[in-house]
Amino acid sequence: MRHMATDDGWTLATETPTWDGPYFGRFGVLAEGPEGDAVQCHVCGDWYVKLGTHANASHHLGADAYRQAFGLRKSTALASTSYRAKARQRVAHLITPEQQSGHRESVH
Ligand SMILES: [Zn+2]
């Protein structure tokens, strides 16, 4: 664990990055597009909705390995804000009040 003060005043508590090659963006920061619809891959600099899937397929970096390599928090999702919002909506839609009460009544 170490603290990095960046030139725009952010103080970031990150894991120690282990990546030693060239990279895009910054260690400890997952760059996100202005629309919140994509995040930037540190390895190749391209933008992806689901970075975790891309990093695994193209760079052989699993989500945990990617976070460790670039000093991201373990809680950082490797996906765009808009994608995560849609995923939350799907989950909320699946669990309806009817299903919740029906589940309770079925317990004898
Ligand atoms: Zn990449």
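**Exercise 1. State what share of the qualifying contacts in the protein chain joins residues at least 24 apart.**

Solution. Take contacts between residues at least 6 apart in sequence. Two residues are in contact if their C-beta atoms, placed from the backbone, lie within 7 Å. Of those contacts, 43% join residues at least 24 apart.

The model is predicted: local features need pLDDT of at least 70, side-chain atom pairs count only at pLDDT 80 or more, and totals for chains, interfaces and linings use all residues. Numbering starts from 1 along each chain as its sequence is written.

**Exercise 2. Give the order of helices and strands, and the buried share of the chain.**

Solution. Step one: helices (H or I, at least four residues) and strands (E, at least two) are DSSP runs, numbered from the N terminus. The protein chain has four helices and four strands. Along the sequence they read β-β-β-β-α-α-α-α.

Step two: a residue is buried if 20 or more other C-beta atoms lie within 10 Å of its own, exposed if 12 or fewer, and partly exposed in between, with C-beta atoms placed from the backbone. By that count, 19% of the 108 residues are buried.

**Exercise 3. Find the residues of the largest nonpolar core that touch the most other members.**

Solution. A nonpolar core is a set of buried Ala, Val, Leu, Ile, Met, Phe, Trp, Tyr and Cys residues joined through C-beta atoms within 7 Å. The largest such core has 14 residues, and V39, L51, A55, Y66 and L78 touch the most other members. The elements giving two or more residues to this core are α1 and α2. Helix α2 gives the most, with three residues.

Now take L51. Set aside its neighbours within four places in sequence; L51 is then in contact with V39, C41, L78 and A79.

**Exercise 4. Locate the buried residues of α1 and α2 around each helix axis.**

Solution. Start with α1. Its buried residues include L51, H54 and A55. They cover an arc of only 100° around the axis, so they sit on the same side of α1. The arc is that of the directions from the helix axis to the C-beta atoms. The buried residues of α1 pack against β3 (39-40), β4 (47-48) and α2.

Move to α2. Y66, R67, A69 and F70 are buried there. Their arc is 165° seen down the axis, so they line one face of the helix. The buried residues of α2 pack against α1.

**Exercise 5. Describe the backbone just after α1 and just after α2.**

Solution. H60 lies in the loop between α1 (51-59) and α2 (63-70). Its phi is near 55°, a positive value in a residue other than glycine. H60 is exposed, with 8 other C-beta atoms within 10 Å. Just after α2, G71 takes a positive phi of about 70°.

**Exercise 6. Decide whether α3 is buried or in the open.**

Solution. Helix α3 spans residues 81-94 and has 14 residues. It reaches 20 Å from its first C-alpha to its last, close to the 20 Å expected at 1.5 Å a residue. The expected span is 1.5 Å times one less than the number of residues. The number of buried residues in α3 is zero, so this helix lies largely in the open.

**Exercise 7. Give the C-alpha separations for E35 with S82 and for D64 with T76.**

Solution. E35 is in the loop between β2 (11-14) and β3. E35 is exposed, with 9 other C-beta atoms within 10 Å. E35 and S82 are 47 residues apart in sequence, and their C-alpha atoms are 8.1 Å apart.

D64 belongs to helix α2. D64 is exposed, with 12 other C-beta atoms within 10 Å. D64 and T76 are 12 residues apart along the chain, with 9.9 Å between their C-alpha atoms.
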